[in-house]
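Biologist: Please take me through one part of this model in detail, strand by strand, and say what sits opposite what. After that, carry on to the helix packing and the aromatic rings.

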Amino acid sequence: TINAMLYVRGNKKDYDDWEAQGNPGWGYETVLHYFKKSEDNRNPDLAATPYHGTGGYLTVSEAPFRTPLATAFVDAGVELGYENRDGNGEFQTGFMIAQGTLRDGSRCSTAKAFLRPIRERKNVHIAMHSHVLKILLDNTNTAIGVKIKRNEKIYTILAWKEVILSAGTLNTAQLLMLSGIGPKDHLTDLGIPVHQNLPVGNNLQDHYGSGA
């Protein structure tokens, strides 16, 4: 992905809104604990605040090289009356030198951070070259497994406890709809049996980007 590896957690109000909509455990104060637990922030000033952690699997730092334009951009924001402050901290508006998921100047991807250190565990199996086709649901619409395609063969994998869907912004919504969870009219048009009529994908938003 071409996302500059920016470390942006999202707005705290979104998490609180999700919890208020009936999703216990998704409030900001709750998820902040896990953000800090997973993080190894290499900036000692930020690591000393209540909003960051050290010792986790995911390395977070500023880029080792910085153009003069980056500093000028932050200074310009301050000149306009904005604060130079941590966008993942107490307040989430302002200007800052962005942090990214970087380790020693290289990308620290999800796989590098979380999978590589545990790949030899006996209770972990990583299936390479596997494409998930759909989530399997029982008659109560509870996820019980997944159907995947690997080496031109179709496999059904059942879960012992739960299925965690984490396929990114686009593919998560796509998998839900392929599994019959999504807008009824759209799924019906595609011949997909509807398990749950939900507005999946309706609030997809991209952010503005600018270059100089």
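Modeller: Opposite L136, the bridge partner in β6 is G145. The model is a predicted one, and every value below is computed from it. A second pair of the same kind is I135, which stands opposite V146 in β6. Both belong to the pairing of β5 with strand β6 (residues 143-150), which is antiparallel and runs over seven bridges. The two strands form a hairpin with five residues between them, and N141 in that turn has a positive phi of about 65°.

On the other side of the hairpin strand comes β7. The pairing of β6 with β7 is again antiparallel, over six bridges. Here K149 stands opposite I154 in β7. This hairpin has two residues between its strands, and N151 takes a positive phi near 55°.

Put together, the three strands make an open sheet, ordered β5-β6-β7, with antiparallel pairing. β5 (130-137) and β7 (153-158) are the edge strands; each has a single partner strand, so one side of each is left without a neighbour in the sheet. From one strand to the next the twist averages 25°. As background, strands of a sheet pair through backbone hydrogen bonds, either parallel or antiparallel.

Now the helices. Two packed helices are described by the angle between their axes and the distance between the axes. For helix α1 (residues 12-20) and helix α2 (residues 28-38), the angle is about 120° and the axes are 8 Å apart. That makes α1 oblique to α2, because an angle counts as roughly perpendicular from 65 to 115 degrees and as roughly antiparallel over 145. On the α1 side the contact is made by K12, Y15 and D16, and on the α2 side by Y28, V31 and F35. By class, these contact residues are four nonpolar, no polar and two charged.

Two of the contact residues, Y15 and Y28, lead on to the aromatic rings. A search of the whole structure finds seven aromatic pairs. One of them joins Y15 and Y28, tilted, at 6.3 Å centre to centre with 45° between the planes. The pair links distant parts of the chain, with Y15 in helix α1 and Y28 in helix α2, 13 residues apart. Y15 has a relative accessible area of 8% and is buried; Y28 is buried too, at 4%. Ring pairs also link Y15 and Y28 with W18, W26 and F35 into a cluster.

Another tilted pair is formed by Y82 and F95, with 5.4 Å between centres and 50° between the planes. Both residues lie in the loop between α4 (68-79) and β3 (102-103), 13 residues apart. Y82 is partly exposed, at 48% relative accessible area. F95, at 19%, counts as buried, because the cut-off for buried is under 20%.

Technical notes. Residues are numbered from 1 along each chain as its sequence is written. This is a predicted model: local features need pLDDT of at least 70, side-chain atom pairs count only at pLDDT 80 or more; totals for chains, interfaces and linings use all residues. Side-chain values use heavy atoms; hydrogens and water are left out. Two strands pair if DSSP finds at least two bridges between them. Helices (H or I, at least four residues) and strands (E, at least two) are DSSP runs, numbered from the N terminus. Axes are lines fitted to C-alpha atoms, for helices over the stretch in contact, and angles run from 0 to 180 degrees between N-to-C directions. Angles under 35 degrees count as roughly parallel, over 145 as roughly antiparallel, 65 to 115 as roughly perpendicular and the rest as oblique. Contact means heavy atoms within 4.5 Å. Ala, Val, Leu, Ile, Met, Phe, Trp, Tyr, Cys and Pro count as nonpolar, Asp, Glu, Lys and Arg as charged, and the others, Gly among them, as polar. Rings of Phe, Tyr and Trp (its six-membered ring) pair if their centres lie within 6.5 Å; planes under 30 degrees apart count as stacked, over 60 as edge-to-face and the rest as tilted. Buried means under 20% relative accessible area, exposed over 50%, partly exposed in between (1.4 Å probe, protein chains only).
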